[in-house]
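Here are my notes on the model you asked me to look over. I have kept them as short numbered points so you can follow along with the structure open.

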Amino acid sequence: MKIYYKNDSEVFIRNKKIKEANAVFQTLDHFSGIDIVEAGENFVLAEEKAEIEYSEFNNTMNQLFLNLINQSEKIRNALKYNKKDITDDLLIGERLINQTSDFCLRILNTKGYEEFKKTNFMYEIADGLESLGDHFFYLYKDTAKDSDFKLSNELLFRLNEYIEILKDFYLVFKNFSKKNYKELAEKIIDLKIEFNKSYPYIKKEEIPALLRLFAIINKLGELLEPLIGVHVEKIEIKKDK
């Protein structure tokens, strides 16, 4: 499904395989204040009815982080205690992550960030947080398929480490300094190296979970570059004398 932002108030959705309206409704459900105004055989035109408060971007971005952290902790606890019956609750959390990230992406697409040169960096972070939400959710969903399967202590340990890194990332995003950024980057690099040590301890059926965990720590590593881009003015550049 391809989504195009035509202008400040219109969204155009095209999908050659659209057969039922539900597919479109589920997509538009991620967007606040969007109504369908025209539909054809393989497209839908939706229009923004509710006015976007662009001053709410920073608050919504903070909420996106908090939604993601809360979701990841629920998933960790569910996997730790082998709870296989909280999918509906997690779907609500997934929806909240998608709504807040889509709100941020809409603002960045239509108006840009308040410091315009940082728009692309903010976009990468917001989009990356939504991807992380997907990886956490499918880590649980894939594991919950088998009622007898329980994640090993080794992988639970890795998951907990990555959630703590996510929290550290949020703190650096909020209160950036060269020191705390350097510490965060070093932790992520070390954890990516440590990840390879998990292989001897996992079972064959744990490979999908291992790959999800790798996707999580890899995405956090990818977000280091836009993170420093958002705070580039706080990096001291020594000029040659």
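**Notes on the helices and their packing**

1. A word before the details: this is a predicted model. Its protein chain holds eight helices and four strands, and from the N terminus the elements run β-β-α-β-β-α-α-α-α-α-α-α.

2. For the chain as a whole, 44% of the 241 residues count as buried. Of the contacts with a separation of 6 or more, 73% are between residues 24 or more positions apart.

3. Let's begin with α2, which covers residues 57-80. With 24 residues at 1.5 Å each, this helix should span 34 Å, and its end C-alpha atoms lie 35 Å apart, so the two values agree.

4. Just after α2, have a look at Asn82 in the loop between α2 and α3. Its phi is positive, about 55°, although Asn82 is not a glycine. That deserves a glance, because most residues other than glycine have a negative phi. Is Asn82 buried or exposed? With a relative accessibility of 28%, Asn82 counts as partly exposed, because buried would require under 20% and exposed over 50%.

5. Next, how does α2 sit against α4? Their axes come within 10 Å and cross at roughly 20°, which means that α2 is roughly parallel to α4. The crossing of this pair is left-handed. On the α2 side the contact includes Phe57, Met61, Leu64, Phe65 and Leu68, and on the α4 side the residues include Met122, Ile125, Leu129, Phe136 and Phe137. By class, the contact of α2 with α4 has 17 nonpolar residues, four polar and no charged.

6. The other neighbour of α4 to look at is α3. Helix α3 takes in residues 87-110 and helix α4 residues 119-144; their axes come within 10 Å and cross at roughly 165°. The two helices are therefore roughly antiparallel, and α3 passes α4 in a left-handed crossing.

7. Which residues of α3 and α4 meet? Among them are Leu90, Leu91, Glu94, Ile97 and Asp102 in α3, and Met122, Ala126, Asp127, Glu130 and Phe137 in α4. This contact divides into twelve nonpolar, six polar and five charged residues. Set beside it, the contact of α2 with α4 has no charged residues. Met122 and Phe137 of α4 appear in the contact with α2 and also in the contact with α3.

8. Moving along the chain, α7 covers residues 207-222. Its 16 residues should span 22 Å at 1.5 Å a residue, and the end C-alpha atoms are 22 Å apart, so this helix agrees with expectation too. The buried residues of α7 are Ala209, Leu210, Leu213, Ala215, Ile216, Ile217 and Leu220. They pack against α4, α5 (153-174), α6 (178-195) and α8 (224-230). As a reminder for reading such a list, an α-helix has 3.6 residues a turn, so residues three or four places apart point the same way.

9. Finally, Leu191 in α6 gives a residue-level view of the packing. Leu191 has a relative accessible area of 10% and therefore counts as buried. Leaving aside residues up to four places away in sequence, Leu191 touches Glu161, Tyr162, Ile165 and Ile217. Tyr162 is 29 residues from Leu191 along the chain, yet their C-alpha atoms are separated by 8.3 Å. Ile217, another of these partners, is one of the buried residues of α7.

Methods. Residues numbered from 1 in each chain as written. Predicted model: local features only at pLDDT ≥ 70, side-chain atom pairs only at ≥ 80, totals over all residues. Heavy atoms only, no water. Axes fitted to C-alpha atoms, helices over the stretch in contact; angles between N-to-C directions. Parallel < 35°, antiparallel > 145°, perpendicular 65-115°, else oblique. Left-handed = near helix turned anticlockwise from the far one by under 90°. Contact = heavy atoms within 4.5 Å. Nonpolar A, V, L, I, M, F, W, Y, C, P; charged D, E, K, R; others polar. Expected span 1.5 Å × (residues − 1). Buried < 20%, exposed > 50% of the residue type's maximum accessible area, 1.4 Å probe, protein only.
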